[in-house]
Every structure is written in structure tokens, then in C-alpha cells.
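Morning, everyone. Please pull up the structure, and let's walk through it together.

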Amino acid sequence: MSDSVKAIGIKDVAREAGVSVATVSRVLSNGPVSDALRARVEDAVRATGYRPNLSARRLRSQHSQTIGLIVSDIRNPFFTAVSRAVEDAAFQAGMRVILCNTDENPEREAMYLRLMQEERVTGLIFAPTRATLAQLDRADLDFPVVLIDRSAPAGRFDSVVLDNPQAAALLVDHLHGQGYRRIAGLFGNTSTTAVERHAGYQAALAAHGLHAEARFVPPTAEAAEAEIARWLAEARRSGAMPDAVMVSNSLLLMGVVKAARTLGLAIPGDLAVAGFDNEPWTELVGPGLTVIEQPVHEIGRAAMTLLFERLDDPERATRKVVLSGTCVARGSTGGVSG
């Protein structure tokens with residue numbers, strides 16, 4: 001071949017196939033793309049006569065065909081279920097998952113972000129604290145990030161979230177409909193999720209002409225148990241006992257139920273209780289607990305879909321997928337008597 005003949009490059013293949021260079025790279029390295037896209041790229045390779053430089057390709061394809069998944073608390077059944085959905089989708093795409101748990105600790109989040117860089121993951125699904133989220137846009141990451149259960153300002157990151165204000169309002173409306181008027185709220189203090197649920201709680205109470213009384217605690221069962229025990233003891237002494245408590249996640253729900261049992265309070269006779277996440281244990285405790293059921297498997301699948309779409313088209317506009325929850329009413333919010 002004459003030196004004057006222009007060598008065919010990967011950009012020529014991308015132009016011929018009508019896809020991004022990143023998509024061509026993934027096809028050539030047997031990465032995650034749809035069958036239709038793979039066929040288009042392979043047709044373009046044949047049409048252009050492209051011959052990959054294997055040594056250069058080896059350098060470019062150091063990404064490990066591994067998805068990073070960083071969650072805030074793997075003990076939270078919500079994240080356990082979402083992790084399963086992500087792993088299922090990754091397995092179907094021939095990819096592996098590195099799962100890391102941060103316990104809502106920004107220092108651990110920073111450590112695991114460095115780990116993801118070192119492991120050269122293909123992409124990351126992440127549930128960050130508010131502190132890390134505020135700085136994430138400035139992080140120098142060489143892989144796409146999809147946020148789950150956390151909202152970010154419009155811009156750099158795709159995300160999948162529950163409609164948290166609407167879900168919290170569903171619980172308040174249900175409690176109000178059951179006759180409860182002194183509805184306390186207990187919320188985690190580290191995530192945007194709790195902030196949004198608190199906003200929905202406040203707005204729904206205001207719409208019913210009711211006063212909101214809320215407290216924020218570390219998002220653990222132990223913290224919730226200790227805080228609600230103090231709160232109810234204070235309320236008993238002052239004669240201002242709430243007749244219902246709404247909490248923002250399933251770990252806080254565990255803590256509230258345990259505190260009520262320790263204090264000898266009947267649910268719902270002395271205190272109605274409602275919260276989030278329709279886990280199997282919630283229908284086995286006492287009369288069954290009223291909860292918001294989140295579409296956890298859909299959240300995991302949607303996060304993987306957004307990640308694959310971002311890999312296929314790195315320049316596309318960011319997307320925020322907002323899903324709805326369902327109120328599952330059980331005996332823990334039985335109506336106020338006479």
C-alpha cells in the first residue's frame with residue numbers, strides 16, 4: 001500500500017456506522033452493546049476495511065468490563081434489592097460488579113472512588129452522601145456515573161430516583177385519612193433522599209393544616225431507637241405525645257418499632273407507625289407495618305440502562321428517571337378510635 005493512502009481509523013468506522021467512537025471501541029473489545037449496534041459496527045468495519053492496531057487497542061481497552069456499585073448501607077434492604085437488580089443486568093451483559101459499602105461515610109466514599117479509578121471500571125452506579133455529592137461534579141473521573149436514590153443538580157450525572165416528596169405525602173395523607181393529627185417525622189441526616197421526603201412530609205401536613213415536628217438522625221436502627229425513646233419520653237412528660245410517627249427508611253423503621261416495644265407502647269393503639277420499603281419483615285411485625293413500596297428492581301435495571309446508554313453515547317444530555325412508590329397500608333396505622 002502506498003504511504004499516500006490514508007489509513008482507515010476508528011473514527012471512520014464510527015462515521016460509517018453512525019455511532020460514537022466509544023461504541024465502536026466497546027464492540028471491538030467485546031463490551032456491552034446491543035445486538036443491533038454490534039451488527040452495525042461490524043458491518044462498518046467490513047465496509048471500511050478497518051484493521052485494528054491490536055497493541056494500541058490493548059492500551060485503550062484497559063477498562064475491566066466491570067461495573068462499580070457503591071451503596072450507602074448494604075444492611076438497608078433497599079440497597080440489597082437494588083444491588084441484586086444491578087448484578088443481574090451486569091451478568092446478562094457479560095460484566096462483573098464490584099460492590100462497596102460506605103456506611104454514609106464521605107471518607108470511605110473517597111477511598112472507594114479511588115478504588116474504582118484503580119480498577120478502571122467501565123462505569124459506576126453510586127448512592128453518595130450529600131457531602132460527596134456536592135463535590136462529585138469536580139471529581140476527575142474517567143468513567144460515567146449514574147446516581148441511584150440520590151438527586152443531583154441538572155448537569156453532569158444521570159440518575160434514578162423515587163418521587164420522594166410524593167411518596168412521603170402518600171404516607172401523610174394515609175395517616176390523616178385514618179384520623180391521626182399529631183404526626184411526627186424521623187428522617188436520616190446524610191442524604192438528599194431524606195431531605196426530599198422531609199419536604200414532602202412538611203408540605204402534606206401544611207396542606208392538611210397540621211404542624212410538622214421532625215427530627216434528623218444518622219440513618220441507622222440504633223440511632224432511631226435512641227432518638228425516638230428520648231423524644232417520646234419528653235413528649236410524655238410534656239403531655240404532647242404524637243399519635244403517629246412517619247420515618248424515612250426501613251432501618252429507622254426498625255428502630256422505632258423496637259423503641260415502642262421497649263417503652264411498652266402498643267402499635268397502633270398508643271402509636272401509629274409508617275415508613276419506607278416493603279420488606280418481608282414489615283408484614284410480620286405486630287399487626288404489619290404500613291410502608292411505601294419502592295420499585296427496587298426497576299430502579300436497579302433503569303440505572304444499568306442509563307449507564308449503557310451513556311456508554312453508547314457519551315455526549316447525550318443527562319437524564320433523570322423518576323419512579324413512583326405505592327402505599328401498602330397495614331395494621332400499624334389502624335384508624336383512631338372514636
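Start at the side chain of Arg310. One of its polar atoms sits 3.5 Å from the backbone oxygen of Ala317. Keep in mind that this is a predicted model.

Where is Arg310? It lies in helix α12, which spans residues 296-312. Is Arg310 buried or exposed? Its relative accessibility is 10%, and buried means under 20%, so Arg310 counts as buried.

Now its surroundings. Setting aside neighbours within four places in sequence, Arg310 contacts Pro144, Asp158, Glu315, Arg316, Ala317 and Thr318. So much for the arginine.

Next, the nonpolar packing. The largest nonpolar core has 27 residues. Which of them touch the most other members? They are Val82, Ile125, Val146, Ile148, Val160, Ile299 and Met304. Several elements give two or more residues to this core: β1 (66-71), α5 (77-92), β4 (145-148), α12 and β11 (320-323). Helix α12 supplies the largest share, nine residues.

Take Val160 from that list. Not counting residues up to four places away in sequence, Val160 touches Val146, Leu147, Ile148 and Asp149. Val160 also touches Ile299, Ala302, Ala303, Leu306, Val321 and Leu323.

There is a second, separate core of 26 residues. Among its members are Ala224, Ala235, Leu253 and Val257.

Last, the overall layout. The domain assignment gives domain 1 as 10-52. Domain 2 is 66-162 + 296-324. Domain 3 is 164-294 + 327-333. How many ångströms separate the centres of domain 1 and domain 3? Taken over C-alpha atoms, 53 Å.

How values were computed: Residues numbered from 1 in each chain as written. Predicted model: local features only at pLDDT ≥ 70, side-chain atom pairs only at ≥ 80, totals over all residues. Heavy atoms only, no water. Domains from an automatic or database assignment. Helix = DSSP H or I, 4+ residues; strand = E, 2+ residues; numbered from the N terminus. Buried < 20%, exposed > 50% of the residue type's maximum accessible area, 1.4 Å probe, protein only. Polar contact = N/O pair within 3.5 Å; in protein donor to acceptor, adjacent residues only side chain to side chain. Contact = heavy atoms within 4.5 Å. Core = buried A, V, L, I, M, F, W, Y, C linked by side-chain atoms within 4.5 Å.
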